[in-house]
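Visitor: I'm new to this one, so please pick a single part and walk me through it slowly.

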Amino acid sequence: MLQLPDPRDADVVEGKTWISTEDQYETVPHFKAGVKGILGQWKNPKDMKAELDERFPGCMKGRTMYMIPFSMGPVGSTMSKIGILLTDSSYVLLSMRIMTKVSQKVLEVLKHGDFVKCVHSVGCPRPVKKKVTNNWPCNPEKAIIAHLPQDRVVMSYGSGYGGNSLLGKKCFALRIASVIARDEGWMAEHMLIMSVTDPAGKKKFVSAAFASESGKTNLAMINPSVPGFKVKVVGNDIAWMKFNDAGNGELRGINPEAGFFGVAPGVNSKTNPNAMLTFQKDCIFTNVAETADGGFFWEGMEDEVDKNMRMTTWLNQEWRIGSPGLAAHPNSRFMAPASQCPIIHPKWEDPAGVPISAIIFGGCRPRGVPLVVESFSWEHGVLLGACVKSEATAAGDTGKTHDPMGMQPFIGYNFGKYLQHWLDMKKPERKMPKIFHVNWFRADGDGKPLWPGLGENIRVLDWILKRCDGEVEAIKTPAGYVPKKGDFNLDGLDKPVDWEELFSLPKKYWLEDTRESRRFLEDQMGTDLPKVMSTLLDQQEKDFSDLPDK
Ligand code: GTP
Ligand code: SPV
Ligand code: MN
């Protein structure tokens, strides 16, 4: 099924996404005066009630209301949670059946517990006052995505798009779940989970957090370039993880979702063949182009269709390859059941989850950040996550987008307290995963990529797994541990890489970057920032200052 949108409703609406709690500082940190807080938006309960009362009464008039019982995670697992969603959108109904576990069994399990209450409306009661575009009713002017974490409630109005309307996903599995996880002592994260088996047959699971549209899905479904490696995917976007304190103390993770809602542009049989094979049937394409013979198309699929194929763009306009403009929205998506993925892990629905050996953070850092860095400690790993940022690659754009832990748009409570929650995970009786930071995007002075990325990223996973088992030593730098060249498999790369440049640590860049990170964290979290974050940044700055000038 292909769904064309109302073009005004084709992305998540962070500015209209709110969390309401009695105490403001339960939701947002004590950011410094004069600073615009970017770690969550808080609205007081009285104002929130007024906003909701203005929109919801009668909002579904004349439409069909669907009641959807769903489980995030395997039905009945102690790590899973249940939700009930009321919606007036058939797109949301169909999507929820792909993205979550919807079944009668959910109602049976529900008898024994709580559920998250979700209400979604497109905000167009009948008779509709304004013209509906592409049969996609929505009400962008009045859109609001409201979270009431204390009551475990999500109320979403006016948008039918992905993260705004499939309330099991970002609203429940990240924002509300992060609050539940805080209360219950586990972690709800914007992370993929995958297994990697090396040529000797040794298998480990890792989880990885990158910002939205930064490579989680591509890594989770990686087609390894090095012979003998095997990868399987457990999840591509969200991980719920809990230490097994009653057992051997390892971290266990589940994918709370049942499907993939992945970025379409750029995906093709070369870049992500496993994704291509996943969505050949029973799936929904949102905001992509349609070919004259009823197929799908987006930027990056030029070699997969007849070059003279007539198409209609996501805006319903005539188009052919070479025509001006884009065929698909840059954030257009495929949605497919995870079970259809040829490399889905046989244990992806195991109620006990899978054991996580390493946690990987990543950002888009075209300049001074090495391909991979291992943290000195759990605390330093939390700092690596807190300092995740992306820089635009376009010349002249020096802006940095901070996305701590890849959770900036998705955190459900005070970010400083959330970092403290991460720090509190460390206990002597627990097997703490090692934490790494990766950067696929480093470029040379001319902006040319220093690392080929995609399937070649298996080489980085290989080194990470070797480090988890203490099979290789590493070099200590002020930024963390980096690989020794001889321990990192570079055999068979199409083009040799400039290892020295890929791992160089330009002193001036790092001093500035360390100060910039500290300013960001202290401005945004003020007194809520765990002290150890500032202490570690002080140490990092000192260690870089002590390096000889080059
Ligand atoms: P969300 O679903 O939004 O959370 O995103 P995601 O993190 O799953 O992102 P996804 O894997 O779909 O990545 C989207 C973008 O990252 C695409 O434009 C890819 O081309 C690009 N990308 C992914 N992996 C690599 C890589 O190894 N190197 C480079 N240069 N680009 C990559
Ligand atoms: C993201 O933006 O990180 C997504 C897509 O995974 S959405 O579910 O629409 O938020
Ligand atoms: Mn995401």
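Guide: Let's settle one word before we look: a residue is buried under 20% relative accessible area, exposed over 50% and partly exposed in between, using a 1.4 Å probe and protein chains only. This is a predicted model, where local features need pLDDT of at least 70 and side-chain atom pairs pLDDT 80 or more, while totals for chains, interfaces and linings use all residues. Residues count from 1 along each chain as its sequence is written, chains are lettered from A and ligands numbered from 1 in written order, and side-chain values use heavy atoms, without hydrogens or water.

Now to the manganese ion (ligand 3). Lys170 offers its NZ, His190 its NE2 and Asp237 its OD, and these protein donors lie 2.2 Å from the ion. A donor here is an N, O or S atom within 2.8 Å of the metal (3.2 Å for Na, K and Ca); water isn't among the atoms, so a site may look incomplete. The manganese ion (ligand 3) has 6 donor atoms, with angles of 74 to 174°, and its site is octahedral: six donors, opposite ones over 155 degrees apart and all others between 65 and 115.

Along the sequence, the donor residues follow the spacing K-x19-H-x46-D. His190 and Asp237 sit 47 residues apart and link distant parts of the chain. His190 is in the loop between strands E9 (187-189) and E10 (192-197), and Asp237 in the loop between strands E12 (230-235) and E13 (239-243). Strands are DSSP runs (E) of at least two residues, numbered from the N terminus.

Are these two buried or exposed? His190 has 1% relative accessibility, so it counts as buried. Asp237 is at 9%, and therefore counts as buried too.

Technical notes: Tetrahedral: all angles 85-135°; square planar, octahedral: opposite > 155°, others 65-115°. Helix = DSSP H or I, 4+ residues; strand = E, 2+ residues; numbered from the N terminus.
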